[in-house]
Amino acid sequence: MGVVMKEQDKRAIESMCRCGLDLEGVISIFPTFPKEDVMAIYNSAKGLNEGTEGELNISINCS
């Protein structure tokens, strides 16, 4: 069974991505998490998830 990431874990990965670490560096810091999950968070933090029209896929919670 794989390790389940908590919200705090996801925020830590996002912080490392924003500090300038490359994908391989981020994966090496968090070896217990699935690479696919880390890659998805990395791409999201770096703004690499663009829509088909070149628009960013952004979700805003205004509650």
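User: Which residues of helix α3 are buried?

Analyst: Going by this predicted model, they are V38, I41, Y42 and A45, in a helix that runs over residues 35–45.

User: What puts those buried residues on the same side of α3?

Analyst: The arc they cover around the axis is only 100°, so they end up on the same side of α3. That side has partners too: the buried residues of α3 pack against α1 and against α2 (23–29). As for what comes just after α3, G47 takes a positive phi there, about 75°.

User: What does I41 touch, leaving out residues up to four places away in sequence?

Analyst: With those left out, I41 touches M5, K10, I13 and E14. Counting the same way, E14 touches I41 and A45.

User: Why is E14 called buried?

Analyst: Buried means under 20% relative accessible area. E14 comes out at 17%, so it counts as buried. Its place is in helix α1.

User: And why is A12 called partly exposed?

Analyst: The partly exposed class sits between the 20% and 50% cut-offs. A12 has 29% relative accessibility, so partly exposed is the label. A12 lies in helix α1, residues 7–18. In space A12 is 9.7 Å from F30, C-alpha to C-alpha, with the two positions 18 residues apart in sequence numbering.

User: What makes E7 and R11 a salt bridge?

Analyst: The test is a side-chain nitrogen of Lys or Arg within 4 Å of a carboxyl oxygen of Asp or Glu. For E7 and R11 the closest N and O atoms are 2.1 Å apart, and the pair forms a salt bridge. Both residues lie in helix α1, four residues apart, about one turn of the helix. In general, an α-helix has 3.6 residues a turn, so residues three or four places apart point the same way.

User: How many salt bridges does a search of the whole structure find?

Analyst: Three. Besides E7 with R11, there is R11 with E14, where the closest N and O atoms are 2.9 Å apart. Then there is E14 with R18, at 3.8 Å from N to O, set against a cut-off of 4 Å. R11 and E14 are three residues apart in helix α1, while E14 and R18 are four apart in that helix.

User: What are E7, R11, E14 and R18 linked in?

Analyst: A network of salt bridges. E14 takes part in the bridge with R11 and in the one with R18.

User: How do you know how exposed the other members of that network are?

Analyst: Set each value against the cut-offs, where exposed means over 50%. E7 has 43%, so it is partly exposed. R11, at 41%, is partly exposed as well. R18 has 58%, so it counts as exposed.

User: Why is the F30 and F33 pair called stacked?

Analyst: Ring centres have to lie within 6.5 Å to pair, and planes under 30 degrees apart count as stacked. The centres here are 6.0 Å apart and the planes are at 25°, so the pair is stacked. The structure holds one aromatic pair, and both F30 and F33 are buried.

User: Which residues make up the largest nonpolar core?

Analyst: There are twelve: M5, I13, C17, L23, V26, I27, F30, F33, V38, I41, Y42 and A45. The elements giving two or more residues to this core are α1, α2 and α3, with the largest share, four residues, coming from α3. As a general point, nonpolar side chains tend to be buried together in soluble globular proteins.

User: How do you know that C17 and C19 are not bonded?

Analyst: A disulfide needs the two sulfur atoms within 2.5 Å. The sulfur of C17 is 9.0 Å from the closest cysteine sulfur, in C19, and that is too far for a bond. By this rule the count is zero disulfides.

User: Are C17 and C19 buried or exposed?

Analyst: One of each. C17 has 0% relative accessibility, so it counts as buried. C19 has 65%, so it counts as exposed.

Conventions:
Residues numbered from 1 in each chain as written. Predicted model: local features only at pLDDT ≥ 70, side-chain atom pairs only at ≥ 80, totals over all residues. Heavy atoms only, no water. Buried < 20%, exposed > 50% of the residue type's maximum accessible area, 1.4 Å probe, protein only. Arc of directions from axis to C-beta. Contact = heavy atoms within 4.5 Å. Phe/Tyr/Trp six-rings, centres within 6.5 Å; stacked < 30°, edge-to-face > 60°. Core = buried A, V, L, I, M, F, W, Y, C linked by side-chain atoms within 4.5 Å.
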